[in-house]
Amino acid sequence: MNESTGEVAPEVQSILETAADRPGGDERVSVTPRSLSAAFAAAERDGRVPVIAEVKPTSPTTDGETDADPVALAKSMIDGGAAALSVLTEPEHFGGSIENLQRVREAVDVPVLRKDFVLREAQLDTVESDVILLIARFLGDDLEPMLEAARDRGFQVLVEVHTKPELDAAIDAGADIIGINNRDLAKLAVDLATVERLAPNVPDDVTLIAESGVSTVDDVRRMREAGANGLLIGSAIMDGDPQTNTQRLTGAE
Ligand SMILES: O=C(O)c1ccccc1NCC(=O)[C@H](O)[C@H](O)COP(=O)(O)O
């Protein structure tokens with residue numbers, strides 16, 4: 001783990017410890033990705049808010065765990081208008097799996113984000129996805145080499161930030177898709193003002209994604225007004241009927 005991690009909630013400390021122990025893939029992956037920007041543009045043309053809907057069986061801040069079939073969940077999110085999907089592959093704290101990602105990506109034709117805590121280059125080779133998440137806080141000085149290593153394999157890279165220094169680091173590293181996480185991993189508290197505060201510092205040619213804590217149509221509008229090109233939404237879609245929930249949120253404008 002990188003020195004720059006700083007203080008994090010005990011749940012996140014546990015996530016990082018298990019992530020550090022997880023092996024990488026045996027062979028270098030080579031991805032031909034489905035374009036996230038094309039998927040967002042298609043959604044905009046249809047009048048849908050570009051939403052990356054997340055298959056998230058559980059999390060440290062969720063009660064219980066769903067045993068619903070991830071492929072059925074994914075298809076209902078797409079029927080609800082999701083432009084892209086995110087699939088948790090972290091097993092211990094989020095109930096995710098590599099198999100879930102593989103099955104979902106095979107079953108749909110939209111871009112699929114691998115949502116995990118990737119800390120080392122070899123972990124990029126665990127499985128193919130169209131987009132991969134790198135979290136600036138956990139990578140520190142390794143962010144730029146990891147971004148390059150991911151792009152060399154064909155991945156589109158979503159770099160997640162929560163603070164202005166992390167945003168500056170992401171921009172310096174050359175990130176062209178940046179997710180501002182409204183969830184503070186030090187306390188697990190969510191504050192939508194995070195996106196509002198940081199978004200004005202994001203260059204116009206960067207695709208900006210508002211992550212976490214978006215529950216209502218008003219939240220969607222608030223994040224869009226702050227400048228988000230797309231939104232990553234998990235709990236509010238998973239809680240109840242995923243198709244109806246996705247339809248409500250993608251139809252917010
Ligand atoms: O969701 C959590 O409880 C969580 C706890 C600790 C670290 C990360 C966590 N979430 C990861 C995510 O990035 C979210 O799943 C994603 O942004 C969607 O958030 P939400 O719409 O609030 O479910």
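**How the words fit the model**

User: How do you know that Lys-56 makes a polar contact with the ligand?
Analyst: In this predicted model, an N or O atom in the side chain of Lys-56 is 2.6 Å from an oxygen atom of the ligand. A polar contact is a pair of N or O atoms within 3.5 Å, so this pair qualifies.

User: What makes the contact of Ser-235 with the ligand a polar one?
Analyst: Here a polar side-chain atom of Ser-235 lies 2.5 Å from an oxygen atom of the ligand. The limit is 3.5 Å, so this pair counts too. Gly-234 takes part through its backbone: a polar backbone atom is 2.8 Å from a ligand oxygen.

User: Which residues surrounding the ligand are the closest?
Analyst: Glu-54, Lys-56, Thr-61, Lys-115 and Ser-235 are the closest of the 18 residues that surround the ligand.

User: Lys-115 is in strand E3, I see. Why are both faces of E3 called covered?
Analyst: Look at each side of E3 (residues 112-115) in turn: Val-112 and Arg-114 are on one side, Leu-113 and Lys-115 on the other, and all are buried. Buried means under 20% relative accessible area, so residues on both sides meet that cut-off. As a general rule, side chains in a regular strand alternate between the two faces of the sheet.

User: How do you know that E3 pairs with strand E4?
Analyst: Two strands pair if there are at least two bridges between them, and E3 and E4 (residues 131-135) have two, so they pair. They run parallel. Leu-113 has Val-131 as its bridge partner in E4.

User: And what makes E2 and E3 a pair?
Analyst: Strand E2 (residues 84-88) is joined to E3 by four bridges, and at least two are needed, so this is a pair as well, in the parallel sense. Ser-86 stands opposite Leu-113.

User: Which strands close into the barrel?
Analyst: Eight strands do, in the order E1-E2-E3-E4-E5-E6-E7-E8, with parallel pairing. On average, neighbouring strands of this sheet are turned by 25° against each other, direction ignored.

User: How does helix H5 run relative to E3?
Analyst: H5 (residues 98-107) lies across E2 and E3, and runs at about 175° to E3. Angles go from 0 to 180 degrees between N-to-C directions, so about 175° means that H5 and E3 run in nearly opposite directions.

User: What does UniProt list for this chain?
Analyst: Its unreviewed entry lists "domain: Indole-3-glycerol phosphate synthase" for residues 28-246. Over those residues the chain is 37% helix and 18% strand.

Conventions:
Residues are numbered from 1 along each chain as its sequence is written. This is a predicted model: local features need pLDDT of at least 70, side-chain atom pairs count only at pLDDT 80 or more; totals for chains, interfaces and linings use all residues. Side-chain values use heavy atoms; hydrogens and water are left out. UniProt positions are given in the numbering used here, feature names are shortened, and annotations may be inferred rather than shown by experiment. Buried means under 20% relative accessible area, exposed over 50%, partly exposed in between (1.4 Å probe, protein chains only). Contact means heavy atoms within 4.5 Å. A residue is near a molecule or strand if one of its heavy atoms lies within 4 Å of it. A polar contact is a pair of N or O atoms within 3.5 Å; within protein, one must be able to donate a hydrogen and the other to accept it, and residues adjacent in sequence count only if both atoms are side-chain atoms.
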